[in-house]
Amino acid sequence: MRGDRQPVFQVPKVVSVLAVFLAVIHIGRILLPADWSYGAILLFGLVPGRYLPQFAWEIYDFPGGLLFAAAPFLTHALLHANFPHLLINGAFLLAFGSAVARQCGAARFLLLSVCCAVGGAVFHLFFAQGSGVPMIGASGAVSGLMAAAFRLGALAGPAWQTLNVSIIVPLNDRRLLIVCAVWLGLNAVIGLFVGQIGGQTIQIAWQAHIGGFLTGLLMVPLFARRRGWPGGAW
C-alpha cells in the first residue's frame, strides 16, 4: 500500500537542525571582514601550540580567559574552512548521524556528538603538540558518529533501525574489526597528505578523525537506547 512506504532518506529533526546550524555558522563567518573571520578561527579553532606546558599560565591571559581556552575543544567542530569542507562533513553527518539519532534519541545523540568532538580534539592535541595551525571542522565528531553507527548494528541487518531496540555489535565482531582497521589505516595513510579543497591548501587532521572514531566506538553503549527506555521523538 502507498501509505506503508517509508521515505528513502528519513533524517531525524535533531540531525537536520544540527546540519543547518553548522551551515548558518559557516555563512555567518565568511560574511565577516577577512580579519574578523580569521580571528574567529584563531579564537574558536583548536591551536595545539597554545596548550604546551610552558604556556600553561598564559592560558589565563587568553582573550576570554580560561573559558575560551577550553572552548576550542568543542567549538572547533562548528567551524569549516570552506563550503566543500562543510558539505563533506554535512553529508556524513546526515548519513551516520541519522542512524545514531534514531537509536539514541536527540539528547543522547547530541551528548555523544560532543564527546566525539572533544575526543577528536584531545587526540589531535596529543599528536600535534606545538603546532600553530588551527584545527577546525566536524570531522572528528562525524567520524565518531560513523563508528557509533557501526556498533549500533549497521553490520547486523535491517533490525538495527528499530527505534526501541539497541543492537550493540561486540568489539570482537570480525566485520566491525575490518571496518575499524580500514578506517584507521586510511587515516594513517592520509596523515601525510596535503591536498586542495575548494582551491585552498589543507592538511587533513587525521588525528582528530581517529580520536573521534575511537571515542564513538567505545562510548556509544553508554548512550544507546535500551529496550523499554522512553523514545526520543526528536
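This note comments on the nonpolar core, the surface patch and the aromatic pairs of a predicted model.

1. Basis. In this predicted model, local features need pLDDT of at least 70 and side-chain atom pairs count only at pLDDT 80 or more, while totals for chains, interfaces and linings use all residues. Residues are numbered from 1 along each chain as its sequence is written, and side-chain values use heavy atoms, with hydrogens and water left out.

2. Core. The largest nonpolar core (buried Ala, Val, Leu, Ile, Met, Phe, Trp, Tyr and Cys residues joined through side-chain atoms within 4.5 Å; buried means under 20% relative accessible area, exposed over 50%, partly exposed in between, with a 1.4 Å probe and protein chains only) has 33 residues. Leu-93, Val-100, Phe-109 and Leu-112 have the most contacts inside it. Two or more residues each come from H1, H5, H6 (106-127), H7 (139-154), H8 (174-189) and H9 (206-223), these helices being DSSP runs of H or I with at least four residues, numbered from the N terminus. H7 gives the largest share, eight residues.

3. Phe-109. Leaving aside neighbours within four places in sequence, Phe-109 is in contact (heavy atoms within 4.5 Å) with residues including Val-14, Leu-18, Leu-93, Val-100 and Leu-145.

4. Aromatic pairs. The whole structure holds seven aromatic pairs (ring centres of Phe, Tyr and Trp, the last by its six-membered ring, within 6.5 Å; planes under 30 degrees apart are stacked, over 60 edge-to-face, the rest tilted). Phe-92 and Phe-96 are stacked, at 6.0 Å centre to centre and 15° between the planes. Because they are four residues apart in helix H5, about one helical turn separates Phe-92 and Phe-96. Phe-92 is partly exposed, at 36% relative accessible area.
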